[in-house]
Amino acid sequence: MARGKIQIKLIENSTNRQVTYSKRRNGLFKKANELTVLCDARVSIIMFSTTGKLHEFISPSTTTKQVIDQYQKTLGIDIWNTHYEKMQEQLKQLKEVNRNLRKEIRRRMGDCLNDLSIEDLGALEQEMESSVTLIRDRKYRVLSNQIDTSRKKVRNVEEIHKNLLHELESLKEDPYGLVDNGGDYDTLVGYQNGGPRIFALRLQPNHPSLHSGGGSDLTTYPLLD
C-alpha cells in the first residue's frame, strides 16, 4: 500500500505537536550520527522546542565551540562582533548616567555650580528645600517616638517608686513583720536563741478558736544570712 503524503503545516494540537517533535528529533540525531560514523563528518545540531528546552547533538570528535570557530573562520565573519558592540554602547550609557549622578551629588554639596544658569540654580534650591523639609519631618517623628518611649519609662519608674513607698509605709505600721498572704498560714519574723527565724502559724479549719486546744501548729524556719 502506498504511503499517504503528509501535508507540511503547523500541527494545531499541542500534544500531537510535541510527539511529532520528539520522534523527528530522534530521527534527525540518528541521521547525524550516521553521517559522523560513515563519512567522518563533524556535525553539530542545536534545537529548541516550543517550551524552550534545549536539545543538541555534537560529533564525538569535536565540540560546539570548535564547530562555531571553524564556521566563522570559513565565512570570514565574527558572530560575536554585533553583540560586543551592543555591550560597549550599553557600557557607555551607564558611564554617562554615573557621571551625571556624581555631578548632581557634588552640586548638592555646593560644588560644580559655575556652569548653572539662574533657572538651574533656582530649581536646585527648590529641590534642596524640599529635601530639608523631608529630613526635618523625619527627624521630628523620630524625636517624638523617643520622647514617648522616655515618658513611658518615667511612668513605670514612678509606679515602681510609688509601690516601694507603699511597702515601706506598711512595714512602718507593722513593725513585727506580720504578713497576711491570704492563705491558711500566718507568718511572723522574730528572733529566737539569738538568731533571726521565721515562725509559720497554721490555723486548723476544724477548730473555730485557738483556745479550744491544739487549734494551731507552730513551725519555725531559720533565715539565711
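Strand E2 (residues 54–58) shows two faces: His55 and Phe57 sit on the covered one, while Leu54, Glu56 and Ile58 sit on the uncovered one. Strands here are DSSP runs of type E with at least two residues, helices are runs of type H or I with at least four, and both are numbered from the N terminus. The model is a predicted one, so local features need pLDDT of at least 70 and side-chain atom pairs count only at pLDDT 80 or more, whereas totals for chains, interfaces and linings use all residues. Residues are numbered from 1 along each chain as its sequence is written, and side-chain values use heavy atoms, with hydrogens and water left out.

E2 has a partner. Strand E1 (residues 44–48) pairs with E2 in the antiparallel sense over 5 bridges; for strands to count as paired, DSSP has to find at least two bridges between them. Within this pairing, methionine 47 has histidine 55 of E2 as its bridge partner. The hairpin of E1 and E2 has 5 residues between the strands, and there glycine 52 takes a positive phi near 90 degrees. Another positive phi, of about 55 degrees, turns up at aspartate 40, although this residue is not a glycine. Aspartate 40 belongs to the loop between H1 and E1, and it counts as exposed because its relative accessibility is 65%. (Exposed means over 50% relative accessible area, buried under 20%, and partly exposed in between, with a 1.4 Å probe and protein chains only.)

Zooming out, the protein chain has 4 helices and 6 strands. Read from the N terminus, the order is α-β-β-α-α-α-β-β-β-β. Of the 225 residues in the protein chain, 11% are buried. The chain exposes about 19,800 Å², and carbon and sulfur atoms supply 56% of that area; the areas come from the Shrake-Rupley method with a 1.4 Å probe, and for residues only the protein chains shown count as cover. As for contacts (heavy atoms within 4.5 Å), 16% of those between residues at least 6 apart in sequence join residues at least 24 apart.

What does helix H1 touch? Two of its residues give a partial picture. Alanine 32 lies in helix H1 and counts as buried because its relative accessibility is 3%. Leaving aside residues up to four places away in sequence, alanine 32 touches Val43, Ile45 and Phe57. Arginine 42 is 10 residues from alanine 32 in sequence, and their C-alpha atoms are 9.1 Å apart in space. Threonine 36 is also part of helix H1 (residues 14–39), and it is classed as buried because its relative accessibility is 12%. With the same neighbours in sequence left out, threonine 36 touches Ala41, Val43, Phe57, Ser59 and Pro60. The side chains of threonine 36 and serine 59 make a polar contact at 2.9 Å. Such a contact is a pair of N or O atoms within 3.5 Å; within protein, one must be able to donate a hydrogen and the other to accept it, and residues adjacent in sequence count only if both atoms are side-chain atoms.

Next come the charged pairs. Side chains of opposite charge can pair when their charged atoms come close. The whole structure holds 5 salt bridges, each being a side-chain nitrogen of Lys or Arg within 4 Å of a carboxyl oxygen of Asp or Glu. One of them joins lysine 31 and glutamate 34 at 3.9 Å, N to O. These two are about one helical turn apart, because they are 3 residues apart in helix H1.

In helix H2, aspartate 69 bridges to lysine 65, with the closest N and O atoms 2.8 Å apart. The two residues are 4 apart, about one turn of the helix. Aspartate 69 is partly exposed at 33% relative accessibility, whereas lysine 65 is exposed at 58%.

Glutamate 104 forms a salt bridge with arginine 107, at 3.7 Å between the closest N and O atoms. Arginine 107 is buried, with a relative accessible area of 15%. Salt bridges with shared partners link Glu104, Arg107 and Asp115 into one network.
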